[in-house]
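Student: Please take a close look at one part of this model for me. I would like the nonpolar surface patch, and what lies around it.

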Amino acid sequence: MKKIIAEFKEFISRGNVIDLAVGVIIGGAFTAIVNSLVNDVVMPFIGWLIGGINFTDFKAYMPMREGLEQQAVIAYGSFIQNVINFLLVAIVIFSIVKIINAFRKKKEEEPEPDPEPSDEVKLLTEIRDLLDK
């Protein structure tokens, strides 16, 4: 039992596992932000554009059969809504990644200052300047 506990401690304290755990936690928080952006900002605008159509109301009812208490319903509107939500989330995440990459690219493109010349180069430059005089 002690060996298993020691192996578990070693496994859990590895950097990759901790990085993965942090990534999952931040991903969960980021998911809430993206979902809010899609559901609270983008979807109302799209609903306004298409005249307030709610896809989740689209359903197909199967004919009743004897012995069944409830009628079977195919809620294809919910499927359409989930596909639209997925596409919107993908577009929002793509846009955010493009913006972040643009900032990174700008940061990388900033020119580095010229390195300071070595003492030998400074000395040779002084000698050249003296000889020119």
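Tutor: Helix 2 gives the most to the nonpolar patch, with 3 residues. Helices here are DSSP runs (H or I, at least four residues), numbered from the N terminus. The model is predicted: local features need pLDDT of at least 70, side-chain atom pairs count only at pLDDT 80 or more, and totals for chains, interfaces and linings use all residues. Residues are numbered from 1 along each chain as its sequence is written, and side-chain values use heavy atoms, with hydrogens and water left out.

The patch covers about 890 Å². Its members are Phe45, Trp48, Leu49, Ile50, Ile53, Phe58, Met62, Ile74 and Tyr76. Patch residues have over 30% relative accessible area and no salt bridge (a side-chain nitrogen of Lys or Arg within 4 Å of a carboxyl oxygen of Asp or Glu). Nonpolar side chains (Val, Leu, Ile, Met, Phe, Trp, Tyr) are joined within 5 Å. Areas come from the Shrake-Rupley method with a 1.4 Å probe.

Take Phe45. It lies in helix 2. Phe45 counts as partly exposed because its relative accessibility is 47%; buried is under 20%, exposed over 50%, partly exposed in between.

Helix 2 (15–49) also serves the largest nonpolar core, as does helix 3 (76–109): each gives two or more residues. That core has 6 residues: Val34, Val38, Met43, Leu88, Val89 and Val92. A core is a set of buried Ala, Val, Leu, Ile, Met, Phe, Trp, Tyr and Cys residues joined through side-chain atoms within 4.5 Å. Val34 touches Val89, Val92 and Ile93 (heavy atoms within 4.5 Å), not counting residues up to four places away in sequence.

Terms used. Buried < 20%, exposed > 50% of the residue type's maximum accessible area, 1.4 Å probe, protein only. Patch = residues over 30% accessible without salt bridge, like charges linked within 9 Å, V, L, I, M, F, W, Y side chains within 5 Å.
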